[in-house]
Amino acid sequence: MATIALEPGYWGNLGHGVGAIAAYAAVGLVLMLVGFAALDITTPGLLRKLVGSGRPNANIIAAAGLLATAIIVVFAIYSSGGHLSEGLISAAIFGLVGIAAQVISARVMERLIGINIGDLLHATVFVTESLVVAAAHLGIALVIGVAIV
């Protein structure tokens, strides 16, 4: 019969890791909900209703916004260096800053390039400009993420 020898403190470390995952997941979920709400509030029409009704461009842009928020949270967690309380605070603050930057970049993109976000979101067929808006969300998230690290 084989005996498994575990390092002293193994179960405590495992419990701490599971708790950290749960805490970061909660912060990430809250930030993603806040990010979606910010996009919903600042876009013409109710984004959640447009997503729910299957508007392809609304879904692309909403998905990019959620992914962008997740990218920012991941970089914030990575930069915390394993310090849970600092990582949670960093993730929350950087996530909120990232959400604001995403909303502002979408409005700037709309003005500078001449993309009418309202028309784009309400379109019942795929419009290629939705990819430009999605790329803007992901691009700004990567810039913010690298700035965090």
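**View 1. Where the charges sit in this predicted model.** Lys and Arg are taken as positive here, Asp and Glu as negative, while His and the chain ends are left out of the count. On that basis the protein carries 5 positive and 6 negative charges, and the mean positions of the two groups lie 16 Å apart.

**View 2. The fold is built from helices, with zero strands.** If you follow the protein from the N terminus, you pass α-α-α-α-α-α. That makes six helices in the secondary structure.

**View 3. The overall outline of the chain.** Take the principal axes as a guide, and the C-alpha atoms fill a box of roughly 65 × 35 × 20 Å. The radius of gyration is 19 Å, whereas a compact globule of 149 residues would come out near 15 Å.

**View 4. Inside and outside.** Buried residues make up 35% of the 149 in the protein. On the outside, about 8400 Å² is exposed, and 73% of that comes from carbon and sulfur atoms. As for contacts between residues at least 6 apart in sequence, 74% of them link residues at least 24 apart.

**View 5. A close look at Thr 69 in helix H3.** Helix H3 covers residues 56-79, and Thr 69 is part of it. Is Thr 69 buried or exposed? Thr 69 counts as buried because its relative accessibility is 2%, and the cut-off for buried is under 20%. Who keeps it company? Setting aside neighbours within four places in sequence, Thr 69 is in contact with Leu 31, Met 32, Gly 35, Ile 99 and Gln 102.

Definitions and conventions: Residues numbered from 1 in each chain as written. Predicted model: local features only at pLDDT ≥ 70, side-chain atom pairs only at ≥ 80, totals over all residues. Heavy atoms only, no water. Helix = DSSP H or I, 4+ residues; strand = E, 2+ residues; numbered from the N terminus. Rg over C-alpha atoms; globule rule 2.2 N^0.38 Å. Buried < 20%, exposed > 50% of the residue type's maximum accessible area, 1.4 Å probe, protein only. Contact = heavy atoms within 4.5 Å. Areas by Shrake-Rupley, 256 points an atom, 1.4 Å probe, with all protein chains shown as cover. Charge placed at Lys NZ, Arg CZ, Asp CG, Glu CD.
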